[in-house]
Amino acid sequence: MRIVSGGIQHETNTFSHQPTTLADFERDSGCGPNFSGGQAVFDRYRNTGTIHGGYIDAADVVEFELIPLICAKAQPSGVVESTAFDTILNLFLDRLSETPTVDGVLLDLHGAMVTAACDDGEAPFMKAVRERVGPDIPIIATLDLHANITQRMADACDVIIGFDTYPHVDMRARGREAGELLVRMIRGEVQPIQAYRQLPLLTMPPMQCTLREPMQSLMQNVFRMEDEPGVLTATVAMGFPFADISAAGVSCLVTTDNDAALAEKKVEELAGWLWDLRDELQPQLTPIDEMIEFAATHDGPIVYADGSDNPGGGAPCDGTVVLRALIEAKFQNAVVGILHDPETAAQAHQAGVGATIEARLGGKTDDRHGAPIELPAYVRALCDGHFVHHGPMNQGVVGEFGPMALLLVGGVEVVVSSNRKQLLDREMLRVIGVTPEHRRLIVVKSAVHFRADFGECATHILDADTPGIHRPDYANYDYQNLRRPIYPLDNVTVDFGG
């Protein structure tokens, strides 16, 4: 049995002015030149907490031949240029055509990609694969919990399986689930029928977290549904609200074994659960001055999540608003990271450890996340930025920050990197000599993913009230293309599960 795999992953923030280029995918994919498939994918992802790590597990357990064709990804940012999308899709299709006797396809996609040509970028990818393999070869796609799933996407695949967790610590499990279910389909043991619902509902990242209520209880109900007779899998997609497209927002799917009526009944039930939680899913933010007052009187480490500048959602990751406030307050024993500032990192490396540089920190991408901070900074440590994820998310995957610097400004440490990445693993601080457990305050450029690893050591976690293109505040965005009416922007009456 021969199963091919691959895909393109990008979470597109349409409010970002930084387009996503082919060079971005080439830099971030990590599988060698020309988006190497085959052994390069096995070498990078085997025994890792990733979707392809799960595909590889499934191949080992149920004994099929896995042929990875391409695994392309880029850090979240603005709209994907057509050249980048077309190049990667054509590489996948060419390699697919060169693979004889394909029995099934596993697509490792995100679900919130917007290209210059298409709002639901995954749909043309899925459709092109379907046209190439024909109607009888089963296709399963795995998608992120933040997918903006459209009917076109649901129609293009036999089954869509979404992540169950945020932080996304179940990627390996979902990849394995997809691989094992695909084998059952190929053997004729099951005949999946999938039902899809889109809700008139937007939610923001902080409350989408499945480590906190109401998502924690909701997902327990989803798991119980999946244990019911006839149900093969169920998916909740909380959507990506930083994409000004018609389909942005919450959707869900239920797949049954050859029972269309049951699939429709269960997806309606699942949609009803989500709709009933709509008010509880709206975020509450803590202003910077309140955070500073709180942190000064409570034991740490306290984590302040600057999600508005989260590179994991397309923000520049060089915002200075919180850093400036901490410096002005003369706050002691705090660390801010990871600030994407290759210019300052290079300046620090040229000066060397122990030097004091006249820094111009952050604020270099745009004027929406704070202005550059110009002041002397002491170079405490330097490193090459090479690390391995130790936390539950992406565990075992090699990461590259490029040249990094640890700067000291008053009582505040600032971790500066050359590559833009979300701070979601304590190893990202340890690599430069920072022991997060020993800091009173940690400011993370992350919305939720940090909780997977930092949650074990944090005494308190506060969601930041800061400006930015990933700010969890609907008033911050001028939606022009979003379908309306939609809650909470509008008053909406709907009866799911009734």
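1. Which strands does helix H4 (residues 82-97) lie across, and at about what angle does the helix run to S2? In this predicted model, helix H4 lies across S1, S2 and S3. The helix runs at about 170° to S2.

2. The strands beneath this description belong to an open sheet of 5 strands, arranged in the order S2-S1-S3-S4-S5 with parallel pairing. Strand S2 (65-73) and strand S5 (159-162) are the edge strands, and each of them pairs on one side only. From one strand to the next, the twist averages 15°.

3. Within that sheet, S1 and strand S3 (residues 104-108) are joined in the parallel sense over 4 bridges. A reader who wishes to locate this pairing may begin at Ser 5, which stands opposite Leu 106 in S3. As a general matter, strands of a sheet pair through backbone hydrogen bonds, either parallel or antiparallel.

4. Thr 20 deserves a separate point. The residue is placed in the loop between strand S1 (2-9) and helix H1 (22-29). Is Thr 20 buried or exposed? Its relative accessible area is 0%, and buried means under 20%, so Thr 20 counts as buried.

5. The surroundings of Thr 20 can be described through its contacts. Leaving aside residues up to four places away in sequence, Thr 20 touches His 10, Phe 25, Ala 74, Ser 77, Gly 78, Val 79, Val 80, Glu 81 and Ala 84. With one of these, Gly 78, there is also a polar approach: a polar atom of the Thr 20 side chain lies 2.6 Å from the backbone oxygen of Gly 78.

6. Elsewhere in the chain, strand S15 (residues 404-409) is mostly covered, with 6 of its 6 residues buried. In a regular strand the side chains alternate between the two faces of the sheet. In S15, Met 404, Leu 406 and Leu 408 point one way, while Ala 405, Leu 407 and Val 409 point the other way, and all are buried.

7. How many bridges join S15 to strand S12 (residues 373-383)? There are 5, and the two strands run antiparallel. Cys 383 stands opposite Met 404 in S15.

8. S15 is also joined to strand S16 (residues 412-417) by 5 bridges, again with the strands running antiparallel. Here Leu 408 has Glu 413 as its bridge partner in S16. The hairpin of S15 and S16 has 2 residues between the strands, and in this hairpin Gly 410 takes a positive phi near 65°.

9. The largest pocket holds about 990 Å³ of space. Of the 45 residues that line the largest pocket, Lys 73, Ala 74, Gln 75, Pro 76 and Asn 394 are the closest to its centre. Two or more lining residues come from each of H1, helix H2 (39-45), helix H3 (51-62), strand S4 (139-143) and strand S14 (398-400). Among these elements, S14 gives the most, with 3 residues. Ala 74 links this point to an earlier one, as Ala 74 is also touched by Thr 20.

10. Enclosed space is to be considered apart from the pocket. The structure holds 2 cavities of 30 Å³ or more, and about 60 Å³ of space lies in the largest cavity. Which residues line the largest cavity? The lining consists of Pro 205, Pro 206, Leu 285, Ala 305, Gly 307, Ser 308, Ala 447, Asp 463, Ala 464, His 470 and Pro 472.

Note on methods:
Residues numbered from 1 in each chain as written. Predicted model: local features only at pLDDT ≥ 70, side-chain atom pairs only at ≥ 80, totals over all residues. Heavy atoms only, no water. Buried < 20%, exposed > 50% of the residue type's maximum accessible area, 1.4 Å probe, protein only. Polar contact = N/O pair within 3.5 Å; in protein donor to acceptor, adjacent residues only side chain to side chain. Contact = heavy atoms within 4.5 Å. Pairing = 2+ DSSP bridges. Axes fitted to C-alpha atoms, helices over the stretch in contact; angles between N-to-C directions. 1 Å grid on protein atoms, 1.4 Å probe; cavity = no way out; pocket = protein on both sides within 12 Å on 5 of 7 lines; lining within 4 Å. Points joined across faces, edges and corners; volume = space filled by probe spheres on them.
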